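Got your viewer open? Let's take a walk through this structure, one selection at a time.

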Amino acid sequence: MAHEQVTIQTRDGECRVHVMSPSGRGPWPAAIFYSDAGGMRPAVVEMAQRLADAGYIVLLPDLFYRYGPYGPLVPKEVFKGDVDAILGPLMATTGNVKAAEDTEAFLAYLDTRTDVAGNRIGAVGFCMGGRMAITSAATYPDHFAAVASFHGGNLATSAPDSPHLLASKLKAEVYVAGADNDESYPPAMAERLEAALTAAGVRHVAKIYSGAAHGWMVLDFPTHDQMWAEHGWKALLALFGRNLRR
């Protein structure tokens, strides 16, 4: 297994990126990992490595690179304090549109690698990263074959950059997993998103994990749920397997 740390030039600066590769001989299908609002830290690197171990080249960007040096943050401590005061300044440096703009540079970087198989990749996002993953897949539809969002919030709102407004541009198969204990993704929003995907003819699965709470997939979140996390990993690998390993 290889773990590289590279810097990718984007429109707005230099983005620090982890790139994980599987063991063995490639080439391998690739995926971009859009992390949660906790930023770059050991837990998300470990999760990206798990995806790489399953046979994918995984690009894990620091979505807060515009902010400058920070952290690493410890979610269990962050959630004990003023979350908005701690994470707000970081989150203010990015967003759905900016993440999609960054993805243009990520795709260009992947194109330079001889160990990447095929010309369509996967995307997975967690929490904040969920809406970024969907937005990026819709912005570059010819590049993405599969996209998954786990406990993504604000996926179908009245905001002009709401991901559900881009449903008609998606060519990827979509998997959206929410929790029944998540204020950022209430039932009405889930219904609005699924209606948009259905109307656009997007192949998709939308599932609510009963008994789970926002952040259940993330290893260092206080709401991490091992049982539902394993269910999520199984669904993610199945999604990528049928779309990226043809």
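## Start in the core

Begin by selecting Phe-144, Phe-150 and Phe-240: they have the most contacts inside the largest nonpolar core, which has 88 residues. Next, colour helix H7, residues 226-244, since the largest share of this core, 8 residues, comes from there. Keep in mind as you click around that this is a predicted model.

Now stay on Phe-150 and show what surrounds it. Which residues does Phe-150 touch, not counting those up to four places away in sequence? The list includes Val-124, Gly-125, Phe-126 and Cys-127, and further along the chain Tyr-175, Ala-177, Tyr-209, Trp-216, Met-217, Gly-232 and Leu-236. Remember Cys-127; we'll be back.

## Zoom out

Switch to the cartoon view of the whole protein chain. You should find 7 helices and 8 strands. The radius of gyration is 16 Å, close to the 18 Å that the globule rule gives for 246 residues, so the chain is as compact as a globular protein of that length. If you show just the C-alpha trace, it spans about 45 × 40 × 35 Å along its principal axes.

Of the 246 residues, 56% count as buried. Among contacts with a separation of 6 or more, 75% are between residues 24 or more positions apart. Turn on the surface, too: the chain exposes about 10,600 Å², and carbon and sulfur atoms supply 53% of that. Colour by charge and you'll have 21 positive and 26 negative side chains, with the centres of the two sets 6 Å apart.

## Hunt for the oddities

Some background first: most residues other than glycine have a negative phi, and most peptide bonds are trans. Here are some exceptions to look at.

- **Gly-26 and Pro-27:** the peptide bond joining them is cis, with omega about 5°. Pro-27 sits in the loop between strand E2 (14-21) and strand E3 (30-34).
- **Gly-71 and Pro-72:** another cis bond, with omega near 10°. Look for Pro-72 in the loop between strand E4 (57-61) and helix H2 (75-78).
- **Cys-127:** this non-glycine residue has a positive phi of about 55°. Find it in the loop between strand E5 (121-126) and helix H5 (128-139).
- **His-151:** phi is positive here as well, about 40°, and this is not a glycine. Its loop runs between strand E6 (144-150) and strand E7 (173-181).

Last stop: are Cys-127 and His-151 buried or exposed? Cys-127 is buried, with a relative accessible area of 6%. His-151 is buried too, at 0%.

Terms used: Residues numbered from 1 in each chain as written. Predicted model: local features only at pLDDT ≥ 70, side-chain atom pairs only at ≥ 80, totals over all residues. Heavy atoms only, no water. Core = buried A, V, L, I, M, F, W, Y, C linked by side-chain atoms within 4.5 Å. Buried < 20%, exposed > 50% of the residue type's maximum accessible area, 1.4 Å probe, protein only. Helix = DSSP H or I, 4+ residues; strand = E, 2+ residues; numbered from the N terminus. Contact = heavy atoms within 4.5 Å. Rg over C-alpha atoms; globule rule 2.2 N^0.38 Å. Areas by Shrake-Rupley, 256 points an atom, 1.4 Å probe, with all protein chains shown as cover. Lys, Arg positive; Asp, Glu negative; His and termini not counted. Charge placed at Lys NZ, Arg CZ, Asp CG, Glu CD.
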